[in-house]
Every structure is written in C-alpha cells, then in structure tokens.
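Visitor: Please take me on a close look at one part of this structure, and tell me how its pieces fit together. I am new to it, so explain each term as you go.

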Amino acid sequence: MVYVEKTKIIFAIAAGLALIAFSVYMLSRDDGADRLAAETFINQYYTVNEEEDNLYTTLMDIYWDDSGTQIQADAISAVIEDTYGELMTFDAMQSLMADRSLYAPDELAASADLTITCTDVTLTEKSDTSQEDNDYDYSASVYVENAYGNFTEVVLEGVIQLSKEDDSWKITGFYPNDDFRTMPLELKRPEQSSEIE
C-alpha cells in the first residue's frame, strides 16, 4: 500500500514537472510569437498591391546617378530592407535577394499587371525544433486577379525557418516549393467561373 502511494506521488511530481517544463517552453517561444512572425512574412511575401507594384515597376527601370553609376540595385535593396528588415535576419535577406526569389511575386505582378493577395496561411510545425529555432511547413492561399477582373486562386507551399535574434523571432530561411514567376496561372472570367481565359 505504501509502495502504491509512493508511486502515485512520484507520478504526480513527474506530471507537475512536465507541466512546468511545457509552460517554460511555451513562454520561451513568446506564446506564439514565432508563428506570428512566420505568418506576417508569408502574408507580406504573397501580397502585392497596386502601390507596391508601381514602386517595383519604377525600380525595374535602369537609371543612373550624377556620376554615371547604376543605382537600380541599391534602390531595390533599400525597398527590400525597408519591407523585410524587421522580419528577417540580414543573411537570410541577402540570400533571397541574391537569387531574386524575395521579390518573385512583385516580378510576376509587374510583368502581367496582376494584383496578388494572400488570403490565408496555415503553418505545420516540424518535429525537430528548439526554444531558439523553429521550422514550419507552410501553405498559403493566394488570390490573383488581372486588370480585367479575371482571377484564380492557388495554394502555394514551402518551408519557413525562424530563429530567435535579440529576443525577437526572425526568418532565417524561406523555401517555396514553386517559383511563383513561372507558375502557369489559369485566370477565370468572373461572369463565367468555369471558363478559362
């Protein structure tokens, strides 16, 4: 009988410690701050409004400063840093700028006169995470519409990685499964949703 009681006490203590450990773990993750950072970035990435489109189109025009130096790249970098500087680590931003994937939706919108809007983000946490690093599989629902009102909705997936930097969660890696610039988009007419343009 004493043995049973001691066992119960041990299990109760173990359960209590497990609960405390879980609570500390959640608090160390700022109660979902990592998920919020990931969702904010993905929403920003897959949304291109008219103002952003016009800005990107302007930046794509090659222009020069008074000394004859091309300054397009510097101007684009400034816009990217202003948009994503608070959300990403510097290294991650530089890496995604180098292969132009950071502004893939902007390129698509500018080249085809499209409005692109992220309408929903779903995150699935990967198992190999820690208190300082986290990876998510993401799924983003994206609405695409052209100047004539023709539209489509696509679901885009990939992986987003985060790490804690100065007590804030920052994106350290972003890996879309598809290149948004080369995806075939079948736009439907609003009055005949089954008809493909």
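**Around the paired strands**

Guide: Let us start with one contact: Lys126 and Asp137 form a salt bridge, with their closest N and O atoms 3.2 Å apart. A salt bridge here is a side-chain nitrogen of Lys or Arg within 4 Å of a carboxyl oxygen of Asp or Glu. Lys126 sits in the loop between β1 and β2 while Asp137 is in strand β2, so this pair ties together parts that are eleven residues apart in sequence. Lys126 is partly exposed, with a relative accessible area of 28%, and Asp137 also counts as partly exposed, at 30%. In these terms buried means under 20% relative accessible area, exposed means over 50%, and partly exposed lies in between (1.4 Å probe, protein chains only).

A word on what you are looking at: this is a predicted model, in which local features need pLDDT of at least 70 and side-chain atom pairs count only at pLDDT 80 or more, while totals for chains, interfaces and linings use all residues. Residues are numbered from 1 along each chain as its sequence is written, and side-chain values use heavy atoms, with hydrogens and water left out.

Now the setting. The protein chain has six helices and six strands, and from the N terminus on the order is α-α-α-α-α-α-β-β-β-β-β-β. Helices (H or I, at least four residues) and strands (E, at least two) are DSSP runs, numbered from the N terminus. Of the chain's 197 residues, 34% count as buried.

The way into our part leads through helix α6, residues 104-112. Buried residues in α6 include Ala104, Pro105 and Leu108. Just after α6 comes Asp113, with a positive phi of about 55 degrees. Most residues other than glycine have a negative phi. Asp113 belongs to the loop between α6 and β1, and at 44% relative accessibility it counts as partly exposed.

Next come the strands themselves. β1 (residues 114-125) and β2 (residues 133-146) run antiparallel and are joined by eleven bridges. Two strands count as paired if DSSP finds at least two bridges between them. As an example to find on screen, Thr122 has Ser139 in β2 as its bridge partner.

β2 then pairs with β3 (residues 151-165), again antiparallel, through 13 bridges. Here Val142 stands opposite Val154 in β3. The two strands make a hairpin with four residues between them, and Gly149 in that turn has a positive phi of about 90 degrees. Gly149 is buried, with a relative accessible area of 15%. Its C-alpha atom is 9.8 Å from that of Thr115, although the two residues are 34 apart along the chain.

From β3 we move on to β4, residues 168-176. These two strands run antiparallel too, joined by eight bridges, and Gly158 has Pro176 in β4 as its bridge partner. The hairpin of β3 and β4 has two residues between the strands, and Asp166 there takes a positive phi near 55 degrees. Asp167, in the loop between β3 and β4, also has a positive phi, near 70 degrees. Asp167 is exposed, at 67% relative accessible area.

Asp166 and Asp167 lead us to a charged spot on the surface: together with Glu132 and Asp133 they form a negative patch. Patches are built from residues with over 30% relative accessible area and no salt bridge, like charges being joined within 9 Å and nonpolar side chains (Val, Leu, Ile, Met, Phe, Trp, Tyr) within 5 Å. Lys and Arg count as positive and Asp and Glu as negative, with His and the chain ends not counted. Each charge is placed at NZ of Lys, CZ of Arg, CG of Asp or CD of Glu. Areas come from the Shrake-Rupley method with a 1.4 Å probe, and for residues only the protein chains shown count as cover. Asp133 is in strand β2 and is partly exposed, with a relative accessible area of 39%.

To finish, we return to salt bridges, of which the structure holds two. Besides the one we began with, Glu165 and Lys170 meet in a salt bridge at 3.5 Å, N to O. Glu165 counts as partly exposed at 32% relative accessibility, whereas Lys170 counts as buried at 12%.
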